[in-house]
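Thanks for sharing this one. Here are my notes, set out as numbered points so that you can follow them with the structure open.

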Amino acid sequence: MTKKTYINGVGCISTQKTFDTVFLEEARVNHDENVLAIVTPAYKEYISPAASRRMAKGVKNGIVASALAMKDANTENVDAIITGTGLGCIEDSEKFLKSILDNKEEFLTPTSFIQSTHNTVGAQIALLQQCKGYNFTYVNGAVSFESALIDAKMQIEEDEANSILVGGVDENGDYTTALFKLNGRIKQDNQAPYDVLTSKTSGAVYGEGASFFVLENERKENTYAELLDVYIINTLEENEVESALKSFLKSNNVEVSDIDAVVLGFDGNADFENYYKNLAENTFAQTPVLYYKHLSGEYDTASAFAFWMASKVLKTQGIPEIVKVNKVSKPAYKTILLYNQLNGKNHSFTLLSK
Amino acid sequence: MKGVAITGMGIISAIGNSVEENYISLIENKIGVSRIQNISTVHADVIKVGEIKKTNDELISELELNEDNNFSRTAMIGTLAAKQAVENAGITSINEFRTGLISATSVGGMDMTEKHYYDYFEKPELVKYITCHDGGDVAEKIAEELGLKGMVSTISTACSSAANSIMLGARLIKTGKLDRVIVGGADALAKFTINGFKTLMILSDDYNKPFDNNRKGLNLGEAAAFLVLESDEIVKKQNKKVLARVSGYGNANDAYHQTASSENGDGAYLAMKKAFEVSGLQPSQIDYINVHGTATPNNDLSEGRAINRIYNGENVPDFSSTKPFTGHTLAAAAAIEAVYSVLAIQNNVVYPNLNFETQMEEFDLTPQTSLKNKNIEHVLSNSFGFGGNCSTLIFSKS
């Protein structure tokens with residue numbers, strides 16, 4: 001029999017205070033800014049000051065989030081580390097590229113180049129933990145984190161690993177966010193107040209963060225949820241989403257009516273909100289609908305924040321008011337579905353159960 | 001059946017624009033390492049590179065792209081190679097089976113980012129290239145050009161990336177998640193990587209000499225290659241020709257240093273060991289090792305030691321690095337060398353490790369220096385990357 005996959009530890013660094021808190025009780029929606037920055041954890045508790053100085057914030061956040069997840073899972077070693085990141089270590093990439101261009105390819109030092117590779121986070125975690133096991137990094141936009149989840153689940157099912165650290169991490173770089181404002185990926189500066197659900201403009205409010213999880217093949221006392229399935233598909237038209245979703249549920253012997261909450265990736269980009277709206281207003285009209293990008297901001301691995309949120313809902317059996325889209329509630333939360341996409345591409349369905 | 005069937009291949013590199021051209025160059029010692037032409041860099045007179053001698057305009061017209069396209073060079077060579085692979089596999093209806101695409105890249109569309117970085121704010125016509133920077137952009141473009149709608153993802157583990165995309169593809173088929181996966185990688189030359197490797201002082205000013213005692217470093221290269229992996233059900237149903245099989249794979253982390261390999265090649269050793277476990281083969285059954293062999297002092301020492309550990313220092317099979325032909329094509333390298341491994345199996349040849357003169361003083365390992373004809377049943381191919389990422393693939397005759 002194939003092994004089942006359990007979420008046994010979580011760690012989240014985000015634009016909200018998601019560490020040293022219970023579950024979003026201190027969360028607040030920022031309506032004034034179009035680029036949100038993380039709430040910084042005490043790095044010095046996890047990384048030596050000397051090492052910390054050389055590290056970009058994404059690397060540091062990844063290290064802290066993974067340490068939190070390991071501690072939460074009461075695990076000291078994992079067999080594999082699998083990371084998803086959309087833009088990787090963009091700050092160091094910017095830094096190295098700028099010095100190439102500004103200094104006409106002279107007087108360069110290697111530090112920022114070394115740290116610019118997309119797999120730096122996974123590599124640094126492996127280095128700190130002396131983990132010589134399997135180590136992959138996925139970099140495919142909005143499905144980077146879900147690709148890592150699929151890989152991890154396959155490893156556990158095939159008995160290739162018992163315990164895996166899986167995470168999604170992205171950081172904001174100043175120049176890149178300026179470019180994203182220019183090409184419309186980020187909402188324009190003068191459009192505040194920003195609101196995700198009522199937005200009439202294109203683009204999104206941007207964020208950053210790192211969420212890591214310990215996935216294991218055993219249910220334990222501290223288990224949050226079972227990861228039932230993850231599915232990614234590159235292209236779906238608006239009118240194809242519902243049937244794709246239903247066939248995903250069907251392959252897991254789950255009906256729409258079995259879903260106790262659905263977490264949707266609403267990001268305030270009016271051009272593509274119908275992908276979510278159609279589901280929220282029709283398929284899941286009688287289901288608690290949750291959203292999160294008003295808290296986390298949009299970024300390629302923001303869906304890892306949603307994964308964290310869904311894990312928390314299943315464990316605490318409660319939904320914070322601040323993430324509710326509708327007024328529907330359930331006496332108990334057993335099965336949760338997550339759906340995300342970006343600009344009509346890179347769709348993902350993730351199914352969790354208590 | 002041992003392993004996952006390979007039913008199609010496509011490649012574009014400094015030594016040829018097709019599988020056939022690449023093979024002819026390999027057996028006729030036609031190298032692709034030369035002076036750089038397509039990128040203006042202050043290092044042009046110092047470095048040698050494995051460059052595809054086609055301009056972006058030539059690639060655009062070859063692909064028949066619209067004028068308003070926003071393809072990076074990486075996406076263009078990736079699309080060319082992927083299209084060849086799909087055609088070679090005789091696929092006419094791409095979404096007929098559950099088909100996926102797993103690509104690999106080191107710096108995505110950096111070639112466009114670095115070209116236009118400061119001009120974006122002045123020239124609105126360039127803004128379309130901003131999204132090219134994304135690591136997943138190349139795979140997205142290839143998927144669109146192929147009309148592929150299913151699972152699309154990208155792996156970036158530096159210079160081992162494409163080995164990992166092949167590994168993932170094989171696992172997706174083995175576990176029954178997909179029926180068919182197009183796997184490989186693409187990387188175009190960029191000032192970013194040229195200067196990065198330059199600052200690390202591992203670029204040779206001469207032709208690279210893998211496993212030579214006097215090796216001075218690597219030559220960078222650009223290339224793209226894709227392979228089509230298919231389930232045995234499809235192979236049977238469509239009576240497909242199987243070129244070779246992916247019979248083993250292993251991935252491990254050296255956990256030693258962000259950019260350097262450990263002295264004893266722990267990661268490399270573990271990756272090879274796992275690949276043997278998956279394949280069920282013994283090291284003695286390998287007929288040819290296509291080594292990573294970048295010709296940096298560090299890599300070849302670490303890799304050689306790891307190979308010696310696997311073979312207990314004796315009867316190491318014929319081995320060679322093909323990087324003197326192509327340069328080190330970074331994230332694409334393992335896909336390029338997968339194509340070469342399959343060609344070695346099909347044609348029963350061991351390629352020469354060019355430029356080799358003097359054996360390394362640390363161990364008793366001499367690469368094959370001339371073309372050798374012999375029966376090849378199993379090829380082992382290594383690829384290692386920054387971040388301690390070590391990967392091994394084993395290919396076998398079908």
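1. Let me begin with a single side chain: is B:Lys174 buried, exposed or partly exposed? Please keep in mind that the model is predicted. B:Lys174 has 17 other C-beta atoms within 10 Å, and a residue counts as buried only from 20 and as exposed at 12 or fewer, so B:Lys174 is partly exposed. This lysine belongs to helix H6 of chain B. Its C-alpha atom is separated by 8.3 Å from that of B:Gly3, although the two residues are 171 positions apart along the chain.

2. Staying with H6(B), have a look at how this helix meets H12(B), which covers residues 333–347 of chain B. The two axes come within 5 Å and cross at roughly 65 degrees. On the H6(B) side the contact involves B:Ala162, B:Ala163 and B:Ile166. Their partners in H12(B) are B:Ala333, B:Ala334, B:Ala335 and B:Ala338. By class this contact has seven nonpolar residues, with no polar and no charged ones.

3. A second helix pair in chain B deserves a view of its own. H3(B), residues 73–88, and H5(B), residues 137–146, have axes that come within 9 Å and cross at roughly 40 degrees. That angle makes H3(B) oblique to H5(B), and the crossing is right-handed. H3(B) brings B:Thr74, B:Ala75, B:Gly78, B:Thr79, B:Ala82, B:Lys83 and B:Val86 to the contact. H5(B) answers with B:Asp137, B:Val138, B:Lys141, B:Ile142, B:Glu145 and B:Leu146. The residues here divide into six nonpolar, three polar and four charged.

4. Now to the interface between the chains. Here 51 residues of chain B are in contact with 49 residues of chain A. On the chain B side, the elements that give two or more residues include helices H4 (110–116), H5 and H6 (161–174), as well as strands S5 (152–155) and S9 (244–253). Helices H7 (191–199) and H9 (266–279) of chain B are also among them. Which element gives the most to this side? H7(B) does, with five residues. The side of chain B that touches chain A divides into 20 nonpolar, 24 polar and seven charged residues.

5. H7(B) is worth a closer look. This helix is mostly covered, with nine of its nine residues buried. Among them are B:Phe192, B:Ile194 and B:Phe197, and also B:Lys191 and B:Lys198. What covers these residues? Both chains take part: the cover includes helix H3 (90–102) and helix H4 (111–114) of chain A, together with H4 and strand S7 (220–221) of chain B. After H7(B) comes B:Met201, which has a positive phi near 60 degrees.

6. Two more backbone positions would be good to check, one in each chain. A:Asn74 has a positive phi of about 60 degrees although it is not a glycine. This asparagine is found in the loop between helix H2 (57–73) and strand S2 (80–84) of chain A. A:Asn74 is exposed, with 12 other C-beta atoms within 10 Å. B:Ala295, also not a glycine, has a positive phi of about 80 degrees. The loop that holds B:Ala295 runs between strand S10 (288–290) and helix H10 (297–310) of chain B. B:Ala295 counts as buried, with 28 C-beta neighbours inside 10 Å.

7. Please look at one peptide bond too. The bond that joins A:Ala192 and A:Pro193 is cis, with omega about 0 degrees. A:Pro193 has its place in the loop between helix H7 (174–182) and strand S5 (209–216) of chain A.

8. Finally, the overall picture of chain A. This chain has 11 helices and 10 strands. Its radius of gyration is 19 Å, close to the 20 Å that the globule rule gives for 354 residues, so chain A is as compact as a globular protein of that length. Along the principal axes, the C-alpha atoms of chain A fill a box of roughly 60 × 50 × 35 Å. Of the 354 residues, 59% count as buried. Among the contacts in chain A with a separation of 6 or more, 81% are between residues 24 or more positions apart.

Technical notes. Residues numbered from 1 in each chain as written. Chains lettered and ligands numbered in written order. Predicted model: local features only at pLDDT ≥ 70, side-chain atom pairs only at ≥ 80, totals over all residues. Helix = DSSP H or I, 4+ residues; strand = E, 2+ residues; numbered from the N terminus. Rg over C-alpha atoms; globule rule 2.2 N^0.38 Å. Contact = placed C-beta atoms within 7 Å. Axes fitted to C-alpha atoms, helices over the stretch in contact; angles between N-to-C directions. Parallel < 35°, antiparallel > 145°, perpendicular 65-115°, else oblique. Left-handed = near helix turned anticlockwise from the far one by under 90°. Nonpolar A, V, L, I, M, F, W, Y, C, P; charged D, E, K, R; others polar.
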